[in-house]
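Hi,

Here is the structure I promised to pass on. Have a look at it first, and then read my notes below.

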Amino acid sequence: MKTLSIDVRRAEPHDARAISEVHRQSWQYTYSGIIPHRALSQMIERRGESWWRKATSGPATLLVLDVAGEIAGYATLGLNRARALPQEGEIYELYLRPEYQGIGLGRLLFGEARRLLKSLGCKGLVVWCLEENENADRFYRGQGGADFCEGVETFDRKQIKKIGFVWS
């Protein structure tokens, strides 16, 4: 019998290439048809391997979901950037490769990110997602997030509404 290892850990510089690939695949899967093609392509290209290598030692914490030695997902987190909100922590991004979605690994990564923010003393948490991203909307509601606030992101002159989910 084989044992499958699943681990959530802090990203290291040698993970940069794999994180870049997770980013590319998950963003194409998630945002094609939502974010205009040119803007989406530019956003993906900006975040190549060297960008992610720098991110491993940047101000935000970068976690990876390691499944049997393969990086299946990542999360970035830190202090809440929306100072008008009372929540102190924020998960900036949480993405999985498409083939790892829908089997509980997102819940695992989200739970670890949430625990880490709490252990760092952050009271409350906010996560933003584009309103048209139905999978993320369903996921965050399923994790107990309350649809608390709204905002707008602009991509290539297209304005897209975003939702802020909060946890106490």
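Before the notes, one cut-off: a residue counts as exposed when its relative accessible area is over 50%, as buried when that value is under 20%, and as partly exposed in between. Also keep in mind that this is a predicted model.

Let me start with the sheet. It is open and has seven strands in the order E1-E2-E3-E4-E5-E7-E6, and the pairing is mixed. Strand E1 (6-10) and strand E6 (146-155) are the edges, each pairing on one side only. On average, neighbouring strands are turned by 25 degrees against each other, direction ignored.

Now for the pairings around E5. Strand E4 (residues 89-96) and strand E5 (residues 125-130) run parallel and are joined by three bridges. Here glycine 89 sits opposite leucine 125 of E5. That leucine 125 also has a bridge partner in E7, namely tryptophan 167. E5 and E7 are antiparallel, with six bridges between them. E7 then pairs with E6, again in the antiparallel sense, over nine bridges, and there glutamate 153 stands opposite isoleucine 160 of E7. As for cover, seven of the ten residues of E7 are buried, so the strand is mostly covered.

What lies across the sheet? Helix H4 (residues 105-119) does: it crosses E1, strand E2 (61-67), strand E3 (70-79), E4, E5 and strand E7 (158-167). Relative to E4, H4 runs at about 155 degrees.

Two residues are handy if you want to look at this region up close:

- Isoleucine 91 is in strand E4. Its relative accessibility is 1%, so isoleucine 91 counts as buried. Beyond its neighbours within four places in sequence, isoleucine 91 is in contact with Thr76, Leu77, Phe110, Ala113, Arg114, Leu117, Leu125, Val126 and Val127. Its C-alpha atom is 7.1 Å from that of alanine 75, and the two residues are 16 apart along the chain.
- Leucine 108 is in helix H4. With a relative accessible area of 31%, leucine 108 is partly exposed. Together with Leu4 and Ile6, Leu108 forms a nonpolar patch on the surface, and the three have about 250 Å² of accessible area together.

Then there are the backbone angles. Most residues other than glycine have a negative phi, which is the reason I went through the positive ones listed here:

- Alanine 68, in the loop between E2 and E3, has a phi near 55 degrees. Its relative accessible area is 52%, so alanine 68 counts as exposed.
- Aspartate 156 belongs to the hairpin of E6 and E7, which has two residues between the strands, and takes a positive phi near 50 degrees.
- Arginine 157 is in the loop between E6 and E7, and its phi is positive at about 70 degrees, although the residue is not a glycine.

Is arginine 157 buried or exposed? Its relative accessible area is 76%, and the cut-off for exposed is over 50%, so arginine 157 is exposed.

If you open just one spot, I would pick isoleucine 91, since its contacts include Phe110 and Leu117 as well as Leu125 and Val127.

Cheers

Technical notes: Residues are numbered from 1 along each chain as its sequence is written. This is a predicted model: local features need pLDDT of at least 70, side-chain atom pairs count only at pLDDT 80 or more; totals for chains, interfaces and linings use all residues. Side-chain values use heavy atoms; hydrogens and water are left out. Two strands pair if DSSP finds at least two bridges between them. Helices (H or I, at least four residues) and strands (E, at least two) are DSSP runs, numbered from the N terminus. Axes are lines fitted to C-alpha atoms, for helices over the stretch in contact, and angles run from 0 to 180 degrees between N-to-C directions. Contact means heavy atoms within 4.5 Å. Patches are made of residues with over 30% relative accessible area and no salt bridge: like charges are joined within 9 Å, nonpolar side chains (Val, Leu, Ile, Met, Phe, Trp, Tyr) within 5 Å. Accessible areas come from the Shrake-Rupley method with a 1.4 Å probe; for residues, only the protein chains shown count as cover. A salt bridge is a side-chain nitrogen of Lys or Arg within 4 Å of a carboxyl oxygen of Asp or Glu. Buried means under 20% relative accessible area, exposed over 50%, partly exposed in between (1.4 Å probe, protein chains only).
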